[in-house]
Amino acid sequence: MARERTRRRTVVLTAALVAAVPAGTFGLVAVSTYVGLGTAWLLGLVIGVAWIVGLVRLLGGPVGCWAAILSVALWGGALGEVISARDAVILNARGLTVTATVAEAHDHPGDKHPNSTYDLVGALGLPIPNGTVYGGLHSHAVGDRVVIRFDPEGVAAATAPGDVDFAKDLTIAAALDAVLMAAVAGLGVAVARNGRPRRVPFRRGSALGGA
């Protein structure tokens, strides 16, 4: 009976973790769009902590921690793609294509992938709403003119018109979510059948060849 109860709890926890993947990914983007970015950050923190705790309970301490680190990284990638897909929808619906001017350039040569960010202004010198764009290191200079598509309400990030691709962004997000959901479901099934992974005790003698 105790083993059956443990198995049922494992199934319920696995189902909750699997369901949390798309709910968290798309839900956080919806909250940031319609409620506010601060609320979305707070909710994301709560979901992230709950996700890590859930994986640790499912898989046990060391294995659960490593699985949580990998899964949070994958989930973060999916979240970024959903944000890009949302921005594409907004820019396609109400975006304006203009020629903007680079007002300030901020270089980041120390990043893993060196890049620069550029603050853009419109024809009258007024800042473009959410008009900081990313580019290659030193790819533009102050005063350069660039063609962008921006959201007058400032919800979606400004971007080059050719980079607005809803189908591509949504497909990548769905693929990342699907991989994460399948991995968690597979781990849950394995734990339900065989129990948590066991740590193999380290034996000094075996590591040294019996010396």
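In this predicted model, residue A2 belongs to helix α1. Its relative accessibility is 47%, and A2 is therefore classed as partly exposed, since that class covers values between the limits of 20% for buried and 50% for exposed. Between the C-alpha atoms of A2 and G24, which stand 22 residues apart along the chain, the separation is 32 Å.

G24 leads to the interior of the model, as it is one of the residues that line the largest cavity. Rolling a probe the size of a water molecule over the atoms shows where empty space is left. Across the whole structure, the search finds 1 cavity of 30 Å³ or more, and the volume of the largest cavity is about 70 Å³. Its lining consists of A20, V21, G24, I47, G48, W51, S71, V72 and W75. Two or more of the lining residues come from each of α1 (2–34), α2 (37–59) and α3 (61–94). By character, the lining comprises 6 nonpolar residues, 3 polar residues and no charged ones.

W51, part of this lining, also belongs to the largest nonpolar core, which has 18 residues. The residues with the most contacts inside that core are L17, W51, L55, L58, L59, L180 and V184. At least two core residues are supplied by each of α1, α2, α3 and α4 (166–194). When residues up to four places away in sequence are not counted, W51 touches L17, A20, V21, S71, V72, L180 and V184. Another core, of 10 residues, lies apart from the largest one and includes A100, Y118, V133 and A158. In soluble globular proteins, nonpolar side chains tend to be buried together.

Notes: Residues are numbered from 1 along each chain as its sequence is written. This is a predicted model: local features need pLDDT of at least 70, side-chain atom pairs count only at pLDDT 80 or more; totals for chains, interfaces and linings use all residues. Side-chain values use heavy atoms; hydrogens and water are left out. On a 1 Å grid over the protein atoms alone, a cavity is a set of points where a 1.4 Å probe fits but cannot get out, and a pocket is an open set with protein on both sides within 12 Å along at least five of seven lines; lining residues have an atom within 4 Å of a point. Grid points are joined across faces, edges and corners, and a volume is the space filled by probe spheres set on the points. Helices (H or I, at least four residues) and strands (E, at least two) are DSSP runs, numbered from the N terminus. Ala, Val, Leu, Ile, Met, Phe, Trp, Tyr, Cys and Pro count as nonpolar, Asp, Glu, Lys and Arg as charged, and the others, Gly among them, as polar. A nonpolar core is a set of buried Ala, Val, Leu, Ile, Met, Phe, Trp, Tyr and Cys residues joined through side-chain atoms within 4.5 Å. Buried means under 20% relative accessible area, exposed over 50%, partly exposed in between (1.4 Å probe, protein chains only). Contact means heavy atoms within 4.5 Å.
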